[in-house]
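Reader: I am new to this structure and would like to begin with a single part of it. Please take one pair of neighbouring strands, look at it closely, and then follow its connections outward into the rest of the model.

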Amino acid sequence: MDTTIREYQDSWEAEIKSKLEDKFSGKIEVTKTETRRVYAKVLDKADIKDICKFVQDDLSFEHINCLCGVDYPAENKMQVIYEIDNYTFYRGVILELEVDVPYDDLHIETVSDIWGGANWHERETWELFGIVFDHHPRLERLLTPDTYEFFPMRKSYKLREDKR
Amino acid sequence: MTDEKKTQIPDAQAIAEGAEVTKEMVQEYTSQNMDMDKMWITMGPQHPFSHGLWTLKIQADGEIVTDADPIVGYLHRGWEKEAENRTYPKIIPMADRLCYASSMMYTHLYCMTCEKALGIEIPEKTKYIRVMADEINRLQSHLMWLAAVGTDLGNFTAFLWASREREFWMDMNVRLCGARMTTNYPRIGGVRNDVFDIDLDMNDEEKSRFMRDIVRCCDHFDKALWDIIALIDNNSTFISRMVGTGIITREQCANLGITGPAMRGTGVDFDVRRDDPYDGYDLVDFDVPVLSAGDSYARYMIRVEEMFQATRIIRQCVDKIRSLGRSAPYRLKVPSRIPAGKTYCRIEDCRGEAAMYLVSDGTDRPYRLKVRSAIFVNVSSSRDLLMGCRIADVPVIMAMIDMCLGETDR
Amino acid sequence: MAYTSIIDWITGVYSQHGWADPIQANPYYPFGDAYNLPYDLGMKLWNIIGGAIAWLLDLLFPGNDVSTWLVCDMTNNIFALVLFMVLVFAVVFVACLISLWEERKVLGRGMDRRGTMIGMWGFLQCVADGLKTFMKDNVFSKKVDGMTYWWTVALIIGTSVLIDCMVPLSPRWFVVNYDAGLLIIMGLYALAPFFILVSGWSQNNKYSLIGGIRAAEMMISYEVPLLIIIATAALLAGSLNIGDIVMAQTKHFWYVIPMFVGFVTFMICATAESERAPFDLAEAESELVEGWQTEYGGMKWGLVMLADYLRGACSCGIIVLLFFGGWNLPFMEWTYFLGDGIASFHQNFMWWFPAPELTFLLKAWLIFFVMIAIRLGTGRVRTDSILNLGWKVFMPLSILNLVIVLIFKLFIGGVF
């Protein structure tokens with residue numbers, strides 16, 4: 001991991017894109033690049049750990065900014081979004097990884113051992129969406145009471161006022 | 001705190017009824033409870049240090065903290081779920097309520113996310129107005145933090161002095177948008193009102209008294225802050241509490257996801273305002289203070305320096321707004337529906353990096369709106385911050401995180 | 001002397017030579033050779049009150065024994081002692097309230113606010129707060145250890161009142177005049193941390209326990225330099241008697257001059273000893289809620305707070321006695337008020353005016369002002385640094401002070 005701090009260059013996004021696609025050809029698809037943004041889709045959720053390790057070790061993305069879930073009941077799937085941030089080599093670039101988690105297997109490998117900052121985000125995503133992060137050190141309810149038996153952020157859970 | 005089955009010794013009543021207590025049982029019981037010298041102390045939800053409704057459980061060996069477990073969620077309102085059931089403009093006042101101390105920032109962040117999703121560019125004057133409003137907000141938030149640090153260190157003078165200075169900026173907030181705390185000022189595509197519309201000088205349309213007063217506030221504040229710095233920095237009782245406590249390394253900090261002044265205090269040279277500029281921040285000139293000590297004092301120094309930088313930015317913004325004049329537009333008309341897409345937008349909040357992830361589906365309501373709160377992540381690292389410190393240092397170290405529960409629990 | 005009438009009684013006792021000499025006229029006078037103003041005031045008060053009651057009873061039941069008993073020498077003495085105690089306590093209490101008011105006002109001004117504002121420049125706020133705590137419900141946890149929980153409050157406030165009453169305001173305003181008076185005060189002063197430890201333990205609360213242990217830590221580290229400096233002052237004066245120490249300062253110079261190091265050390269140690277900020281870590285509210293006072297509410301809390309201020313006032317009193325010439329001004333004794341013997345004090349017109357006592361109290365309040373200023377500008381010190389300070393800074397400093405005093409004594413001995 002190179003930790004020299006550089007000024008922003010336009011070529012960074014393409015660089016990251018090519019590095020990712022070289023290493024994980026067929027496993028990852030870089031959908032879009034913008035200024036300081038790289039959007040990628042991980043095709044198989046089993047690869048997420050390897051990709052994250054590579055992103056952290058080789059691309060020096062040392063900080064996970066955000067991790068969240070999105071529910072798509074129409075497509076029978078959920079998505080986990082990783083917003084990964086860089087402080088040094090590609091300073092200011094955010095890499096967005098998108099993983100599909102199908103309804104019939106709501107399991108995905110944890111990344112909290114790679115980035116400690118993902119710990120609570122994963123707990124939150126689990127309690128609000130019911131996506132289980134395997135090998136998470138402590139997958140307990142964080143924001144909601146322990147007595148909750150439902151996952152409130154799923155689209156199937158309607159608020160009383162929700163007429164949609 | 002393991003859930004292993006432990007040997008139970010019969011109580012006095014059982015012994016009276018004929019239960020036997022062997023020497024081995026007693027020995028086993030004592031060996032299992034050998035860590036009785038370590039006790040769990042629950043600080044919160046009602047505790048003077050917590051500055052809000054949360055719990056910090058610490059395990060203390062005498063005065064040394066050996067483990068910590070933060071518990072949040074008392075204030076969970078289902079903000080994100082609520083947002084899914086509101087139209088886009090209706091979320092603006094809700095975003096105010098995310099954090100009472102940095103309401104302007106969160107509203108700004110929300111409006112910015114929507115604008116990015118819409119793909120529109122806001123007028124130049126609005127950029128400066130937003131930056132100015134953000135920095136006013138940063139100042140009053142940092143001053144409230146400084147006040148809280150005063151009480152956490154056992155001194156009430158710093159609290160009242162900082163609160164006094166904060167009042168000036170609160171007054172500026174009132175004149176800018178009519179409210180002290182929940183400002184409700186930015187709008188999708190602009191801001192609610194032009195700064196030239198406030199306290200207008202009747203003789204000259206281009207001269208706003210608000211702009212004059214904000215520069216005066218800056219002038220006063222640059223001097224007044226030195227009073228508080230002299231009180232704290234020249235005083236070994238404060239310095240000895242802050243230097244060398246709550247140390248984390250640069251690597252730990254990046255890995256744990258700590259952001260904001262706490263991160264820059266550990267030597268991470270990163271500021272969203274400079275390295276991923278949004279709105280007017282690439283048009284103004286400011287420095288990002290970075291220290292590598294990684295202790296509470298470094299975090300304190302960073303925040304104090306940020307306050308000086310904030311007045312610097314405000315002055316520049318005032319100049320730019322004045323030169324743009326009254327006639328420049330301050331608000332765009334925007335459609336009420338946002339096209340389908342995914343947007344991630346981040347902002348340098350007073351406490352760290354705040355971000356919003358918006359999934360829009362072409363309707364007038366967000367499909368999913370995730371809020372990335374800085375403190376939510378910062379407080380999750382409190383175990384690493386607190387390990388090995390003393391009980392007396394716990395409030396000081398946690399004060400440097402500057403807790404705000406509204407955005408943590410959402 | 002059988003009772004006849006109040007006129008007879010008054011004329012019989014006092015008409016011959018004005019006010020009677022309390023020592024000559026009273027065979028049960030408890031203070032030996034020294035004149036005691038509060039006792040005398042108590043005696044005179046009882047002469048009026050008791051005399052009036054006796055006179056009324058005698059009007060109703062002429063020639064009864066109760067009237068005689070009420071004004072006999074022994075009864076006079078007993079009731080004079082009761083009034084003496086009330087008087088001494090009242091003065092101490094009011095002085096303490098004034099220091100409380102002073103703290104609130106000075107702190108307020110220093111923090112750019114006004115401080116208390118209710119009545120008499122805010123003084124009545126203290127009274128109102130006292131009444132409020134009186135009226136509070138008596139709330140306590142069921143899980144406390146009853147006996148220690150209740151008794152420690154009584155003992156803390158009791159010892160605090162006791163030591164504060166033991167501090168003499170002048171040679172004529174004292175409770176006991178021992179040769180080792182200073183040591184007795186310090187001995188009782190050092191008792192309170194034990195009660196705090198026990199009280200913190202009894203409350204069945206972790207914050208209280210930690211607070212109690214911290215109080216014990218502080219006691220251990222601050223008692224020693226405090227006593228060394230007291231011993232040094234006694235060495236300089238050649239006596240442990242408070243009156244002698246003050247007289248020695250009046251004759252030569254205030255001991256703050258040779259013992260300046262000692263004064264600074266003593267000041268800080270006394271601040272720590274009375275658990276005032278910045279050394280209030282036994283009740284550090286930011287981490288320990290209220291420390292060892294967490295479980296005390298209502299009047300119990302009020303008494304504990306009062307004890308705090310009593311102890312603060314006592315520290316200031318001791319500092320004035322040791323370093324600032326007590327009730328005397330430099331090179332000036334209050335001979336007009338204090339007299340040079342029993343015979344002369346009634347000769348003066350204003351002999352009763354408490355000028356020396358007021359001098360003493362004013363000095364004590366000035367010292368308290370410094371303590372308030374320290375509180376105004378400092379944060380709370382941590383436990384480990386407080387122990388470091390106590391053992392590694394103040395202990396050597398107090399020894400240094402002793403060395404300086406010894407050099408004075410040996411080489412410039414003529415003055416002493």
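Author: In chain A, strand β3 (residues 63–72) and strand β4 pair in the antiparallel sense over nine bridges, where pairing requires that DSSP finds at least two bridges between the strands. Strands are DSSP runs of E with at least two residues and helices are runs of H or I with at least four, both numbered from the N terminus. This is a predicted model, in which local features need pLDDT of at least 70 and side-chain atom pairs count only at pLDDT 80 or more, while totals for chains, interfaces and linings use all residues. Residues are numbered from 1 along each chain as its sequence is written, and chains are lettered from A and ligands numbered from 1 in the order in which they are written.

Within the first pair, Leu67(A) stands opposite Tyr82(A) of β4(A), and the hairpin that joins β3(A) and β4(A) has four residues between the strands, with Asn76(A) taking a positive phi near 55°. Strand β4(A) is mostly covered, since eight of its nine residues are buried; a residue counts as buried if 20 or more other C-beta atoms, placed from the backbone, lie within 10 Å of its own, as exposed if 12 or fewer do, and as partly exposed in between.

β4(A), which covers residues 77–85, is also joined by nine bridges to β5(A), and these two strands run antiparallel. Here Tyr82(A) has Leu97(A) as its bridge partner in β5(A), and Ile81(A) is partnered there by Glu98(A). Strand β5(A), residues 94–102, is in turn linked by six bridges to β2(A), residues 37–42, but this time the strands run parallel, and Tyr39(A) finds its bridge partner in Glu96(A).

Val99(A) also lies in β5(A), and it is buried, because 24 other C-beta atoms are found within 10 Å of its own. Leaving aside residues up to four places away in sequence, Val99(A) touches Val42(A), Lys45(A), Ile48(A), Gln79(A), Val80(A) and Ile108(A), where contact means that the C-beta atoms, placed from the backbone, lie within 7 Å.

Chain B offers other sheets to set beside this region. One is an open sheet of three strands in the order β6-β7-β8, with antiparallel pairing. Its edges are β6(B), residues 341–348, and β8(B), residues 366–372, and each has a single partner strand, so one side of each is left without a neighbour in the sheet. Neighbouring strands of this sheet are turned by 15° against each other on average, direction ignored, where axes are lines fitted to C-alpha atoms, for helices over the stretch in contact, and angles run from 0 to 180 degrees between N-to-C directions. Eight bridges hold β6(B) and β7(B), residues 353–360, in antiparallel pairing, and Thr343(B) stands opposite Leu358(B). Helix α5(B), residues 103–118, packs on this sheet by touching β6(B) and β7(B), and its direction makes about 145° with that of β6(B).

A further open sheet of three strands in chain B has the order β1-β2-β3, again with antiparallel pairing. β1(B), residues 38–43, and β3(B), residues 64–71, stand at its edges with a single partner strand each, so one side of each is left without a neighbour in the sheet. The twist averages 20° from one strand to the next.

Helix α8(B), residues 209–233, has 25 residues and reaches 35 Å from its first C-alpha to its last, close to the 36 Å expected at 1.5 Å a residue, the expected span being 1.5 Å times one less than the number of residues. α8(B) bends by about 30° at Phe221(B), the bend being the angle between axes fitted to the seven residues ending there and the seven starting there. Phe221(B) is also one of the buried residues of α8(B), which include Met211(B), Ile214(B) and Leu225(B). The elements that cover these buried residues include α6, α7, α9 and α13 of chain B, together with α16 of chain C.

Finally, the contact between chains B and C takes 28 residues from chain B and 24 residues from chain C. On the side of chain B, α7(B) gives the most, with five residues.

Note on methods:
Two residues are in contact if their C-beta atoms, placed from the backbone, lie within 7 Å.
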